[in-house]
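Subject: Structure handover

Hi,

Here is the structure you asked for. Please open it first, then read my notes underneath.

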Amino acid sequence: MGMDGLSNTASVLLEKLRSYHADTFSHSLRVSWLFRHLLRETSCFPGLEKPLFLGALLHDIGKLDIPTSILDKKDPLTDDEWRLIKTHPLKSYLYLKEAIPIRECLDIALYHHERWDGNGYARIRRDLLPDYAFLFSIVDAFDAMTSKRAYNDVLTVRQALEEIRKNSGTQFSPAAVEIFCRLSEAELAAIMADIFTDGARLLEDIRHYLSSHVFAS
Ligand SMILES: [Fe+2]
């Protein structure tokens, strides 16, 4: 598959997610843009921005296979529903394995719910996980905490940062927390406000990035 083919595949999958579940779609736009910003600001993982961005953009694509009645459920999930939810990183990986076979992209999808203490969805030991997956899991959690979803109360940026620091060494990698916290509260608030203000523009920016930068190096 050529370079353009990969970007097109990403766009097609993204459109599917958009029509299937709007909340997951907009969450995916926000985390990919915030992750990209973080990578640029901190100069972490140089040379990997493009595949990591794609992984972030499509990390939840496996939710296409989870009924929306479960994705939107406000009551506590049953054990069976939890089991199903916990399959979505693997499902994302399986979608992307054929579509975008780039290691870092696949890693983000497969490992985004793993934890530093080994108690994540697949309970994978941290020494087997790439550092960028730990960094993305913070970005993912940060957005989940600061935006309204079916099952949570919204935290302020400050509260979310406190929560992230509190969970350093348990849920989150201490090194990744240190990197994420190089973005100041004010900077994060500004980025999130910008991202939230105009969803249509964010999608335009992402489409432009996909078509002009992602694989055209
Ligand atoms: Fe997820």
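What covers the buried residues of α9? The cover includes α8, α10 (174–180) and α11 (185–197). Please keep in mind that this is a predicted model.

**Helix α9**

The buried residues in α9 are Val157, Ala160, Leu161 and Ile164. They span an arc of only 100° around the axis, so they sit on the same side of α9. The general rule fits here: an α-helix has 3.6 residues a turn, so residues three or four places apart point the same way. Glutamate 163 also belongs to α9, which runs over residues 157–166. Glutamate 163 counts as partly exposed, because its relative accessibility is 28% and the buried class ends at 20%. From glutamate 163 to threonine 78 is 26 Å, C-alpha to C-alpha. Along the sequence, glutamate 163 and threonine 78 are 85 residues apart.

**Overall fold**

The protein has 12 helices and 0 strands. Its radius of gyration is 16 Å, close to the 17 Å that the globule rule gives for 217 residues, so the protein is as compact as a globular protein of that length. Along the principal axes, the C-alpha atoms fill a box of roughly 45 × 40 × 40 Å. Of the 217 residues, 49% are buried. Take the contacts with a separation of 6 or more: 69% of them join residues 24 or more positions apart. The exposed area is about 10,400 Å². Carbon and sulfur atoms supply 52% of that area.

**The iron site**

Which residues are the protein donors of the iron ion? They are Asp60 (OD), His88 (NE2), His112 (NE2) and His113 (NE2). These donors lie 2.1 to 2.4 Å from the iron ion. Their spacing in sequence is D-x27-H-x23-H-H. Histidine 88 lies in helix α6 (residues 88–99), and histidine 112 lies in the loop between α7 (103–111) and α8 (131–146), so this pair ties together parts that are 24 residues apart in sequence. Histidine 88 is buried, at 1% relative accessible area. Histidine 112 is buried too, at 2%.

The site is irregular. Angles among the 4 donor atoms run from 83 to 170°. Why does the site not count as tetrahedral? Four donors count as tetrahedral only if all angles lie between 85 and 135 degrees, and these run from 83 to 170°, so the site fails that test. One caution before you set up a metal model: water is not among the atoms, so sites may look incomplete.

**Helix α7**

How many of the 9 residues of α7 are buried? The count is 7, so α7 is mostly covered by the under 20% cut-off. The buried residues are Glu104, Cys105, Leu106, Asp107, Ile108, Ala109 and Tyr111. They pack against α2, α3 (49–57), α6 and α8.

**Two buried residues**

Arginine 30 is found in helix α2 (residues 22–42). Is arginine 30 buried or exposed? Arginine 30 is buried, with a relative accessible area of 8%. Setting aside neighbours within four places in sequence, arginine 30 is in contact with Asp143, Ser147, Ile195, Phe196 and Leu202.

Leucine 135 is in helix α8. At 1% relative accessibility, leucine 135 counts as buried. Neighbours within four places aside, the contacts of leucine 135 are Phe35, Leu38, Leu39, Phe45, Ala176, Ile179 and Phe180. The C-alpha atoms of leucine 135 and serine 69 are separated by 30 Å. Along the chain, leucine 135 and serine 69 are 66 residues apart.

**The loop between α2 and α3**

Serine 43 is found in the loop between α2 and α3. Its phi is positive, about 55°, although serine 43 is not a glycine. Serine 43 is exposed, with a relative accessible area of 55%. Phenylalanine 45 is found in the loop between α2 and α3 as well. Phenylalanine 45 has a positive phi of about 50° and is not a glycine. Phenylalanine 45 is also one of the contacts of leucine 135.

Best wishes

Technical notes
Residues numbered from 1 in each chain as written. Predicted model: local features only at pLDDT ≥ 70, side-chain atom pairs only at ≥ 80, totals over all residues. Heavy atoms only, no water. Donors = N, O, S within 2.8 Å, 3.2 Å for Na, K, Ca; no water. Tetrahedral: all angles 85-135°; square planar, octahedral: opposite > 155°, others 65-115°. Helix = DSSP H or I, 4+ residues; strand = E, 2+ residues; numbered from the N terminus. Buried < 20%, exposed > 50% of the residue type's maximum accessible area, 1.4 Å probe, protein only. Arc of directions from axis to C-beta. Contact = heavy atoms within 4.5 Å. Rg over C-alpha atoms; globule rule 2.2 N^0.38 Å. Areas by Shrake-Rupley, 256 points an atom, 1.4 Å probe, with all protein chains shown as cover.
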